[in-house]
Amino acid sequence: MFIDKVKIYIKSGNGGNGSHSLHTEKFVPNGGPDGGDGGKGGDVVFVATNSQNTLNEFHYKKHFRATNGENGGRQKCYGKSGEDVIVTVPTGTVIRDAETGKIIADMFHDGQREVVLKGGRGGRGNCHFATSRRQTPKFAENGVKTIERQVILELKTIADIGLVGFPNVGKSTLLSVVSDAKPKIANYHFTTLSPNLGVVGYYDKSFVMADIPGLIEGASEGLGLGHSFLRHIERTRILVHVLDISGSEGRNPIDDFNLINNEIYSYDEKLRDIPMIVVANKMDMPNAEENLAKFVAEFGNRYKIIPMTTIIHEGAEELLKEIIDVLEDLPPQEQLQFEPFSYDQADDDSYEVVKLAPATFEVVGGLVEILSRKVNIDDIDSFRYFQRVIKEKGVIAELRKAGAGDGDTVIIGEIEFDFID
Ligand SMILES: Nc1nc2c(ncn2[C@@H]2O[C@H](COP(=O)(O)OP(=O)(O)OP(=O)(O)O)[C@@H](O)[C@H]2O)c(=O)[nH]1
Ligand SMILES: [Mg+2]
């Protein structure tokens, strides 16, 4: 099993409610408000790590919830903040909102940390609402209730070099010879089921090489292990195309080369911009020399072709030298360019008045959502506070402008009331 795309559910913690406690003490029958604020809910934080290279663990665990903030208490006691939940993902994971498909973050660097969902703010305790006219407010704000969100995690491996080619041509062998990686090697197709990464050191230089599972005809349409692996070469800086130049499995290496390139470029034309080096592997086998001569005659003017017998490390030095030369002229890898999407932007305090029917108006938008999550409508004081806020924000004036008159119905979130001018 190799999972490189998965949907998960995340929720930050609710804010704790503010307390509406009134101070009581012996001989002080009507003390002032002493209700403390609710605590903030925990955040959902994503952290990138180089020590994972699949999203497999999300097959078992798909729900991530931060804990809620605690409610405020008497004597101005603040509620405790909720704890963050940390979601660890392999470096190269792109996080998208499942609903819109918009990118929230590209987890590009080892250790990168992104707060994807902020915990709900704690509600303020009643001590904040005392005024000269209202000395003992019996209401407090509720904490902000958060919403569960769905995000898609998609792994786009970050490696300088991507090894591509048919199954069984020796890609994993090559990776094991030049890097610190120990991939499984065997004489059958699809030995490699998920990309392996290795770090290659060459004198004072180093780079990361990824062994991509074998491709076959139709891979770009999902055949074989499918085209999902092609996603892992999108970010490589050089492709090393490995061929069984001896044609030991009865295929012609020229056909192999054309076919795999066709799969890669029909997946995404932009991949043509990635420079390609050709490794003519299995030079120790019969027919290798004459096939190489034909291959060079056909492609020698367009590609650097390096003959190798990987199992005895022959040709490795020349390949590494060539890779270093090409890398030197290439720009460093870049993070995806995108307009970041943030769930918190949805929590703005904009609003709009909509006329639903001749005498019915609805107020919609971020402000309403914030208010209806924070206000307890069953409490008369809380409702008054709600009325005051919508007046201050100009909602009443907007309603008037839209034509609302005495006795008309106004709907704001879950609250419905008669408009009184
Ligand atoms: N004769 C010969 N055999 C080789 C050479 N390089 C690799 N092999 C053999 O080819 C077989 C396949 O090697 P792998 O490295 O597993 O091939 P792969 O391309 O990673 O294969 P998949 O993971 O299935 O796509 C193994 O039996 C290797 O020992 C070589 O230079 N000469
Ligand atoms: Mg392999």
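**Exercise 1. Overall dimensions.** Compare the radius of gyration of the protein with the value for a compact globule of 421 residues.

*Solution.* A compact globule of 421 residues would have a radius of gyration near 22 Å, whereas the protein has 31 Å. The model under study is a predicted one. Next, consider the box filled by the C-alpha atoms: along the principal axes, its dimensions are roughly 100 × 55 × 35 Å. The domain assignment of the protein then gives three ranges: domain 1 covers 1–155, domain 2 covers 161–328 and domain 3 covers 347–418. Taken over C-alpha atoms, the centres of domain 2 and domain 3 are separated by 63 Å. Finally, buried residues make up 41% of the 421 residues. Among contacts with a separation of 6 or more, 69% come from residues 24 or more positions apart.

**Exercise 2. The five-stranded sheet.** State the order of the strands in the open sheet that contains β1, and identify its edges.

*Solution.* The protein has seven helices and 18 strands. Five of the strands form an open sheet with mixed pairing, in the order β3-β1-β8-β5-β6. The edges are β3 (63–65) and β6 (103–107); each has a single partner strand, so one side of each is left without a neighbour in the sheet. On average, neighbouring strands of this sheet are turned by 25° against each other, direction ignored. Within the sheet, β1 pairs with β8 (residues 149–155) in the antiparallel sense, over six bridges. One bridge can be named: V6 has L153 in β8 as its partner.

**Exercise 3. The setting of I8.** Determine whether I8 is buried, partly exposed or exposed, and list its contacts beyond four places in sequence.

*Solution.* First, locate the residue: I8 lies in strand β1 (residues 5–11). Second, count its neighbours: 19 other C-beta atoms lie within 10 Å of I8. Burial requires 20 or more, and exposure 12 or fewer. I8 is therefore partly exposed. Third, with neighbours within four places in sequence left aside, I8 is in contact with F58, K62, F64, V151 and L153.

**Exercise 4. The nonpolar cores.** Which residues of the largest nonpolar core touch the most other members?

*Solution.* The largest nonpolar core has 39 residues, and those touching the most other members are L163, V164, M209, A210, L243, V279 and A280. Take V164 as an example: apart from neighbours within four places in sequence, V164 is in contact with I212, L215, I233, L239, H241, I260 and I264. A second, separate core has 19 residues, including Y351, V353, V368 and V410. As background, nonpolar side chains tend to be buried together in soluble globular proteins.

**Exercise 5. The four-stranded sheet.** Which strands stand at the edges of the sheet that contains β16 and β17?

*Solution.* The sheet is open, with mixed pairing and the order β15-β16-β17-β18. Its edges are β15 (352–357) and β18 (415–418), each of which has a single partner strand, so one side of each lacks a neighbour in the sheet. Neighbouring strands here are turned by 25° against each other on average, direction ignored. Strand β16 (residues 360–364) pairs with strand β17 (residues 409–412) in the parallel sense over four bridges. In β17, T409 is the bridge partner of T360.

**Exercise 6. Two distances from V353.** Give the sequence separation and the C-alpha distance from V353 for K401 and for I8.

*Solution.* K401 is 48 residues from V353 in sequence and 9.4 Å away in space, C-alpha to C-alpha. I8 is 345 residues from V353 in sequence and 35 Å away in space, C-alpha to C-alpha. As for its setting, K401 belongs to helix α7 (residues 395–401). With 10 C-beta neighbours inside 10 Å, K401 counts as exposed.

**Exercise 7. Positive phi values.** Where are Q75 and F190 found, and what is the phi of each?

*Solution.* Most residues other than glycine have a negative phi. Q75, in the loop between β3 and β4 (85–90), has a positive phi near 50°. F190, in the loop between α1 (171–178) and β10 (196–202), has a positive phi near 60°. Turning to burial, Q75 is exposed, with 10 other C-beta atoms within 10 Å. F190 has 13 C-beta neighbours inside 10 Å and counts as partly exposed.

Terms used
Residues are numbered from 1 along each chain as its sequence is written. Chains are lettered from A and ligands numbered from 1 in the order in which they are written. This is a predicted model: local features need pLDDT of at least 70, side-chain atom pairs count only at pLDDT 80 or more; totals for chains, interfaces and linings use all residues. Domain bounds come from an automatic or database domain assignment. Two strands pair if DSSP finds at least two bridges between them. Helices (H or I, at least four residues) and strands (E, at least two) are DSSP runs, numbered from the N terminus. Axes are lines fitted to C-alpha atoms, for helices over the stretch in contact, and angles run from 0 to 180 degrees between N-to-C directions. A nonpolar core is a set of buried Ala, Val, Leu, Ile, Met, Phe, Trp, Tyr and Cys residues joined through C-beta atoms within 7 Å. Two residues are in contact if their C-beta atoms, placed from the backbone, lie within 7 Å. The radius of gyration is taken over C-alpha atoms; the globule rule is 2.2 Å times the number of residues to the power 0.38.
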